[in-house]
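Subject: Structure for your review

Hello,

Here is the structure I said I would pass on. My notes follow below it.

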Amino acid sequence: MGRREDAVRRILEDAPPSVPPNLHADVVRRGSRMLRRQKAARRLLWLLLFAAAVAFVVWASMARPWVEPPSEVTPPLTGW
């Protein structure tokens with residue numbers, strides 16, 4: 001345990017590492033770009049979902065899958 005504590009003390013006593021002066025601007029630029037891409041992707045997905053819903057409604061109104069199709073075979077005539 002003594003070696004670990006000594007290593008931690010040395011790390012804490014050392015001066016913090018220097019950070020490049022333009023790092024903050026680069027991080028903000030990259031972060032804003034990432035947020036714009038996420039926003040655009042989210043909008044595109046919502047648009048695709050809306051288009052799929054409209055396409056389904058149009059298909060359902062034209063095909064009317066809930067209606068039973070007409071019979072193609074006529075019943076036999078008996079009792080004439």
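The secondary structure of the protein chain amounts to 2 helices and 0 strands. Please keep in mind that this is a predicted model. Helix α1 covers residues 2–13, and helix α2 covers residues 23–63.

Overall dimensions

The radius of gyration of the protein chain is 35 Å, whereas a compact globule of 80 residues would have one near 12 Å. Along the principal axes, the C-alpha atoms occupy a box of roughly 110 × 40 × 10 Å. Burial is scarce: 1% of the 80 residues count as buried. The protein chain has an accessible surface of about 8,500 Å², and carbon and sulfur atoms account for 66% of that.

Two C-alpha distances go with these figures. D6 is in helix α1 and is partly exposed, its relative accessible area being 41%. Between D6 and N22 there are 34 Å in space, for a separation of 16 residues along the chain. Q38 belongs to helix α2 and is also a partly exposed residue, at 38% relative accessibility. From Q38 to E13 the C-alpha distance is 41 Å, with their positions 25 residues apart in sequence.

Charges

The protein chain carries 13 positive and 7 negative charges, and the mean positions of the two sets lie 9 Å apart. Side chains of opposite charge can pair when their charged atoms come close. How many salt bridges does the count come to? The count is 1 salt bridge, formed between R29 and D26, with 3.2 Å between the closest N and O atoms. That distance falls inside the cut-off, since a salt bridge requires a side-chain nitrogen of Lys or Arg within 4 Å of a carboxyl oxygen of Asp or Glu. As for where the partners sit, R29 and D26 are 3 residues apart in helix α2, so about one helical turn separates them. Both ends of the pair are partly exposed: R29 has a relative accessible area of 41%, and D26 has one of 26%.

Helix α2 also holds R36, one of the residues in a positive surface patch made up of R30, R33, R36 and R37. R36 counts as exposed because its relative accessibility is 54%, and exposed means over 50%.

Nonpolar surface

Which residues make the nonpolar surface patch? The patch consists of L44, L45, L47 and L48 and has an area of about 420 Å². Of these, L48 is placed in helix α2.

Backbone

One backbone angle should be looked at when you go through the model. R64 has a phi near 45°, which is a positive value in a residue other than glycine. R64 sits in the segment after α2 and is partly exposed, with 45% relative accessibility.

In short, the predicted model has 2 helices and 0 strands, a radius of gyration of 35 Å and 1% of its residues buried. Its salt bridge joins R29 and D26, its positive patch includes R36, and its nonpolar patch includes L48.

Regards

Definitions and conventions
Residues numbered from 1 in each chain as written. Predicted model: local features only at pLDDT ≥ 70, side-chain atom pairs only at ≥ 80, totals over all residues. Heavy atoms only, no water. Helix = DSSP H or I, 4+ residues; strand = E, 2+ residues; numbered from the N terminus. Rg over C-alpha atoms; globule rule 2.2 N^0.38 Å. Buried < 20%, exposed > 50% of the residue type's maximum accessible area, 1.4 Å probe, protein only. Areas by Shrake-Rupley, 256 points an atom, 1.4 Å probe, with all protein chains shown as cover. Lys, Arg positive; Asp, Glu negative; His and termini not counted. Charge placed at Lys NZ, Arg CZ, Asp CG, Glu CD. Patch = residues over 30% accessible without salt bridge, like charges linked within 9 Å, V, L, I, M, F, W, Y side chains within 5 Å.
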